[in-house]
Amino acid sequence: MQSTLMLIGMGDLGGILLEYLVTNPKLRFVTADIDKDRALARVNLARLGAVARGLDPQIDFVRLDLNNIDDTAQAIAGIKPDIILTTATLQTWWLPDRLPDAESAKIKGAGFGVWFPVHFALTLKLMRAAQQADFRGFVVTAPYPDVANAVLGKLSIPPACGIGNVEEIVPKIRWLAASRLSVPIHAIHVTLVAHHALQRFTLNRTAAGNATAAPFFLKIEADGHNVTEEIDGAELLLSAFPITAGPASHVLTAATTYRLVNALIGEEEQYIHVPGPGGLPGGYPVYANSDGIRLAVIPELPLEEAIRINENSHRFDGIEMVEEDGSVRFTQQAVETMREALGYDCPILRPDDVDDRARELLRRFSEYASGLGVSL
Ligand SMILES: NC(=O)c1ccc[n+]([C@@H]2O[C@H](COP(=O)([O-])OP(=O)(O)OC[C@H]3O[C@@H](n4cnc5c(N)ncnc54)[C@H](OP(=O)(O)O)[C@@H]3O)[C@@H](O)[C@H]2O)c1
């Protein structure tokens with residue numbers, strides 16, 4: 001029997017996710033996006049690619065505006081998906097790369113967290129719609145799950161988990177460890193607690209300069225033996241490992257998501273890392289199957305300490321903390337950088353203000369870019 005995956009957001013990541021996921025014959029798809037023509041063209045591209053590979057996936061499309069919570073709830077109730085996977089966002093994440101080098105470095109120096117309202121606004125509405133539809137399946141999120149899911153947890157509407165991020169670092173560790181020990185990749189088992197903020201210190205490290213890396217917990221085992229010290233796991237994790245930057249990296253996100261989705265529709269529990277499971281901040285190792293997602297127990301690291309590592313990591317993304325009411329408080333440096341560059345002054349973001357702040361930030365960023373002669 002096939003499981004139904006509702007894939008919301010047919011932009012760059014959504015399109016690549018569909019390319020990867022259509023190869024799984026256990027899935028049928030309902031894709032959704034606000035822009036019908038562009039999304040249908042992307043669906044058609046994935047469909048033809050699948051047929052060319054000898055596959056015959058069922059892919060439907062519905063036009064959906066996540067801003068309309070009632071319509072979204074109705075769509076969810078009608079489609080009855082097993083999994084909702086959202087990539088919908090108000091602006092993609094890599095646009096600051098388009099600015100001239102100095103300005104790009106300045107804006108990126110504020111930390112990715114300053115873009116939180118842009119990536120959170122639609123996920124918040126989706127979770128409200130899922131709650132309204134009494135949806136009991138899995139909601140899996142792409143937009144900045146390390147922080148967004150933590151805020152949704154505080155609001156008591158947490159998604160099941162996020163995709164990518166922590167799990168994108170794991171293949172690097174496994175590959176390097178296997179190479180250093182001259183053992184097959186499948187002999188290497190990794191336990192990693194890490195936040196989105198660690199990524200720039202582990203992949204495309206040049207972007208991080210000489211800054212101190214965000215905290216993490218790492219254990220590497222080879223054939224069941226702890227080899228973390230023997231192969232200097234921390235050095236291995238932080239060693240240079242450049243990958244193609246920007247949207248090209250979505251293939252890695254899609255590969256990790258393929259495994260996660262396959263786990264969530266299967267009976268056998270799979271070991272995998274996910275960001276934001278059940279509303280926690282940052283990323284953790286978990287076991288996942290169609291019954292749900294449970295945190296993997298780490299004997300050396302009580303859960304409270306794992307959470308503390310991730311809470312302390314927010315700061316490396318320009319976020320001081322997530323408060324009990326779901327408000328996000330930004331670091332002073334992040335606030336000052338954005339105020340100086342864009343005139344955007346946002347020390348704290350309350351969930352109710354997310355739409356206004358997202359709109360203001362997008363407007364100010366677009367004006368800043370066009371002042372530099374860059375059209376976004
Ligand atoms: N977790 C990870 O590892 C990871 C990795 C990569 C990216 N991401 C995140 O994934 C998200 C998507 O990135 P992307 O590059 O794919 O962005 P994108 O190309 O801009 O795609 C976003 C899609 O959402 C659609 N959308 C906008 N408003 C909508 C609405 N009201 N209702 C329904 N759909 C709407 C957009 O349509 P329009 O273009 O017509 O507005 C677009 O098709 C970002 O938040 C990014 O940070 C996460």
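Helices and strands here are runs assigned by DSSP, with at least four residues for a helix and at least two for a strand, and they are numbered from the N terminus. With that in hand, you can place Asp134 in the loop between α5 and β5 (138-141). Keep in mind as you explore that this is a predicted model. The tour below visits the ligand, two sets of paired strands, some salt bridges and two loop residues.

**Around the ligand**

- The shell around the ligand has 29 residues, and those that come nearest are Leu13, Asp33, Arg38, Thr92 and His119.
- Sorted by class, this shell contains 12 nonpolar, 11 polar and 6 charged residues.
- Three helices, α1 (12-21), α5 (116-132) and α10 (250-264), each give at least two residues to the shell.
- Look at the backbone of Asp12, where an N or O atom lies 2.9 Å from an oxygen atom of the ligand.
- Leu13 also brings a backbone N or O atom to the ligand, 2.8 Å from an oxygen atom.
- At Ile163, a polar backbone atom is 2.8 Å from a nitrogen atom of the ligand.
- On its own the ligand would expose 920 Å², and the protein buries 86% of that.

**Strand β11 and its partners**

- Strand β11 covers residues 283-289, and 6 of its 7 residues are buried, so the rest of the structure largely encloses this strand.
- Strands of a sheet pair through backbone hydrogen bonds, and they can run parallel or antiparallel.
- One partner of β11 is strand β10 (residues 270-275); the two run antiparallel and are joined by 6 bridges.
- To find this pairing in the model, start at Pro275, whose bridge partner in β11 is Gly283.
- Strand β12 (residues 292-295) also pairs with β11, in the antiparallel sense, over 4 bridges.
- Here you can look for Tyr287, which stands opposite Arg294 in β12.
- Together β11 and β12 form a hairpin, with 2 residues between them.

**An open sheet of three strands**

- Another group to look for is an open sheet of 3 strands in the order β7-β8-β9, with antiparallel pairing.
- The edges are β7 (188-193) and β9 (225-226); each has a single partner strand, so one side of each has no neighbour in the sheet.
- β7 and strand β8 (residues 217-222) run antiparallel and are joined by 6 bridges.
- A handy pair to locate is His189 and its bridge partner in β8, Glu221.
- When you follow a regular strand, expect the side chains to alternate between the two faces of the sheet.

**Salt bridges**

- Side chains of opposite charge can pair when their charged atoms come close.
- The count of salt bridges in this model comes to 21.
- Asp33 and Arg38 form a salt bridge, and their closest N and O atoms are 3.8 Å apart.
- In this pair, Asp33 is buried at a relative accessible area of 8%, whereas Arg38 is partly exposed at 44%.
- Both Asp33 and Arg38 are also among the residues that come nearest to the ligand.
- Asp134 and Arg136 form a salt bridge, with 3.0 Å between the closest N and O atoms.
- Arg136 has a relative accessible area of 70% and is exposed.
- Glu323 and Arg329 form a salt bridge, with their closest N and O atoms 2.8 Å apart.
- Glu323 has a relative accessible area of 19%, and buried means under 20%, so Glu323 counts as buried.
- Its partner Arg329 is partly exposed, with a relative accessible area of 33%.
- Elsewhere, salt bridges that share partners join Glu19, Arg42 and Arg53 into one network.

**Two loop residues with positive phi**

- Most residues other than glycine have a negative phi.
- Asp134 has a positive phi, near 55°, although this residue is not a glycine.
- This is the residue from the loop between α5 and β5, and at 46% relative accessibility Asp134 counts as partly exposed.
- Asp232 has a positive phi too, near 50°.
- Asp232 belongs to the loop between β9 and α9 (233-238), and its relative accessibility of 40% makes this residue partly exposed.

Key
Residues numbered from 1 in each chain as written. Predicted model: local features only at pLDDT ≥ 70, side-chain atom pairs only at ≥ 80, totals over all residues. Heavy atoms only, no water. Near = heavy atom within 4 Å. Polar contact = N/O pair within 3.5 Å; in protein donor to acceptor, adjacent residues only side chain to side chain. Areas by Shrake-Rupley, 256 points an atom, 1.4 Å probe, with all protein chains shown as cover. Nonpolar A, V, L, I, M, F, W, Y, C, P; charged D, E, K, R; others polar. Buried < 20%, exposed > 50% of the residue type's maximum accessible area, 1.4 Å probe, protein only. Pairing = 2+ DSSP bridges. Salt bridge = Lys/Arg side-chain N within 4 Å of Asp/Glu carboxyl O.
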